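Please look through the structure shown here with attention to its charged side chains and to the pairing of its strands.

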Amino acid sequence: MAKAVWKGATLAESDRYEVVEGNVYFPPEALNQAYFQPSDTHTVCGWKGTASYYHIVVNGEMNRDAAWYYPDPQPAAANIKGYVAFWRGVQVTR
């Protein structure tokens, strides 16, 4: 079971996940959508493709661009299409 927590709130939890480059990627259905807000930020990875981001908001506190996902990854990263990973202080355990 993998779990992502920030400021005491469980952002995602699932026994189904992918690990890529040491990051745990959660399937979309594992997310607690109440904490996620879309971001306009995008970055590009040479082998995974273009990442999109979410801001995390818990009790009025925002963690900008703290979650990312690949909506249309390169073929080599097809296993994480739409899956969400975290950073910027989000604690992920498995």
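In this predicted model, Arg16 forms a salt bridge with Glu29, and the closest N and O atoms of the two side chains are 2.0 Å apart. Because Arg16 lies in the loop between strand 2 and strand 3 (18–20), while Glu29 lies in the loop between strand 4 (23–25) and strand 5 (36–45), the pair ties together parts that are 13 residues apart in sequence. Arg16 is partly exposed, with a relative accessible area of 40%, whereas Glu29, at 57% relative accessibility, counts as exposed.

Side chains of opposite charge can pair when their charged atoms come close. By the rule applied here, a side-chain nitrogen of Lys or Arg within 4 Å of a carboxyl oxygen of Asp or Glu, the count comes to three salt bridges.

Another of these pairs is formed by Glu21 and Lys48, whose closest N and O atoms are 2.6 Å apart. Glu21 sits in the loop between strand 3 and strand 4, and Lys48 in the loop between strand 5 and strand 6 (49–58), so this salt bridge ties together parts that are 27 residues apart in sequence. As for accessibility, Glu21 counts as exposed at 55%, while Lys48 is buried, with a relative accessible area of 4%; the assignment of Lys48 follows because buried means under 20%.

Lys7 and Glu61 also form a salt bridge, with 3.4 Å between the closest N and O atoms. Here the loop between strand 1 and strand 2, which holds Lys7, is joined to strand 7 (residues 61–69), which holds Glu61, so the parts tied together are 54 residues apart in sequence. Lys7 counts as partly exposed at 49% relative accessibility, and Glu61 counts as partly exposed at 41%.

The loop that carries Lys7 leads on to the strands on either side of it, strand 1 and strand 2. How many strands make up the open sheet with antiparallel pairing, and what is their order? The sheet has three strands, in the order 2-1-9. Its edge strands are strand 2 (9–14) and strand 9 (91–93), each of which pairs on one side only, and neighbouring strands of the sheet are turned by 15° against each other on average, with direction ignored.

Strands of a sheet pair through backbone hydrogen bonds, either parallel or antiparallel. Between strand 1 (residues 2–6) and strand 9, which run antiparallel, there are three bridges, and Lys3 stands opposite Thr93 in strand 9.

Methods
Residues are numbered from 1 along each chain as its sequence is written. This is a predicted model: local features need pLDDT of at least 70, side-chain atom pairs count only at pLDDT 80 or more; totals for chains, interfaces and linings use all residues. Side-chain values use heavy atoms; hydrogens and water are left out. Two strands pair if DSSP finds at least two bridges between them. Helices (H or I, at least four residues) and strands (E, at least two) are DSSP runs, numbered from the N terminus. Axes are lines fitted to C-alpha atoms, for helices over the stretch in contact, and angles run from 0 to 180 degrees between N-to-C directions. Buried means under 20% relative accessible area, exposed over 50%, partly exposed in between (1.4 Å probe, protein chains only).
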